[in-house]
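Colleague: I should like to learn how to read the local features of a model of this kind. Might we take them one at a time?

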Amino acid sequence: MVQSSEPCVAGLFSAEGGARVHGSRCAACGTPYFPKAPSCHNPACAGSKMEPCDFGGRGKVWSYSVANFPPPPPHKFDQPFKPYAIAVVDLDSGLRLVGQMVDPPEAMRVGAPVELVIAPLFHEQDKAFTSWKFKLA
Ligand SMILES: [Zn+2]
């Protein structure tokens with residue numbers, strides 16, 4: 001039984017108060033970034049002031065792929081390996097974000113509404129290591 005959980009990478013996302021990733025947004029043109037960017041990469045923008053911005057909530061599947069083989073080290077996953085979908089999602093907040101799906105590959109389709117969640121990526125001993133993922137909404 002899982003006793004506790006912790007983020008697989010600290011500082012990138014939060015579950016408390018609603019699942020969200022911690023990125024940034026250009027104050028001049030509004031371009032969203034995750035992870036945080038030190039400056040704007042939009043070639044049409046001369047701005048350089050970046051503001052912290054959280055992204056979460058709902059979006060739509062832009063595309064997806066299915067991982068049918070275990071990822072190579074140092075990636076960790078629960079045994080036995082089960083194929084999973086990796087989605088590219090256009091969040092309603094403007095960010096295009098890649099993430100693993102909670103739902104099985106058979107349930108996927110382009111255009112499906114999803115929501116950002118924080119969920120276990122793998123387990124070690126009694127601890128769940130979490131990441132951001134998407135769940136069909
Ligand atoms: Zn900009």
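Modeller: Certainly; please bear in mind that this is a predicted model. Let us begin with glycine 99, which sits in strand 8 (residues 96–101).

Colleague: Is glycine 99 buried or exposed?

Modeller: Burial is judged from relative accessible area, with under 20% counting as buried. Glycine 99 has a value of 5%, so it is buried.

Colleague: Which residues does glycine 99 touch?

Modeller: Leaving aside residues up to four places away in sequence, glycine 99 touches Ala85, Ile86, Ala87, Trp132 and Phe134.

Colleague: How should one read the largest pocket?

Modeller: Rolling a probe the size of a water molecule over the atoms shows where empty space is left. Here the largest pocket holds about 870 Å³ of space. Its lining comprises 33 residues, of which Phe77, Tyr84, Gln100, Leu121 and Lys133 are the closest to the centre. Strand 9 gives the most to this lining, with five residues. By class, the lining residues are 21 nonpolar, six polar and six charged.

Colleague: Which residues coordinate the zinc ion, and why is the arrangement called tetrahedral?

Modeller: Ideal angles for four tetrahedral donors are 109.5 degrees. In this model the SG atoms of Cys26, Cys29, Cys40 and Cys45 coordinate the zinc ion at 2.3 Å. The four donor atoms subtend angles of 106 to 118°, and therefore the arrangement is tetrahedral. Their spacing in sequence is C-x2-C-x10-C-x4-C.

Colleague: How accessible are cysteine 26 and cysteine 29?

Modeller: Cysteine 26 is buried at 2% relative accessible area, whereas cysteine 29, at 35%, counts as partly exposed.

Notes
Residues are numbered from 1 along each chain as its sequence is written. This is a predicted model: local features need pLDDT of at least 70, side-chain atom pairs count only at pLDDT 80 or more; totals for chains, interfaces and linings use all residues. Side-chain values use heavy atoms; hydrogens and water are left out. Donors are N, O and S atoms within 2.8 Å of the metal (3.2 Å for Na, K and Ca); water is not among the atoms, so sites may look incomplete. Four donors count as tetrahedral if all angles lie between 85 and 135 degrees; four count as square planar and six as octahedral if opposite donors are over 155 degrees apart and all others between 65 and 115; anything else is irregular. Buried means under 20% relative accessible area, exposed over 50%, partly exposed in between (1.4 Å probe, protein chains only). Helices (H or I, at least four residues) and strands (E, at least two) are DSSP runs, numbered from the N terminus. Contact means heavy atoms within 4.5 Å. On a 1 Å grid over the protein atoms alone, a cavity is a set of points where a 1.4 Å probe fits but cannot get out, and a pocket is an open set with protein on both sides within 12 Å along at least five of seven lines; lining residues have an atom within 4 Å of a point. Grid points are joined across faces, edges and corners, and a volume is the space filled by probe spheres set on the points. Ala, Val, Leu, Ile, Met, Phe, Trp, Tyr, Cys and Pro count as nonpolar, Asp, Glu, Lys and Arg as charged, and the others, Gly among them, as polar.
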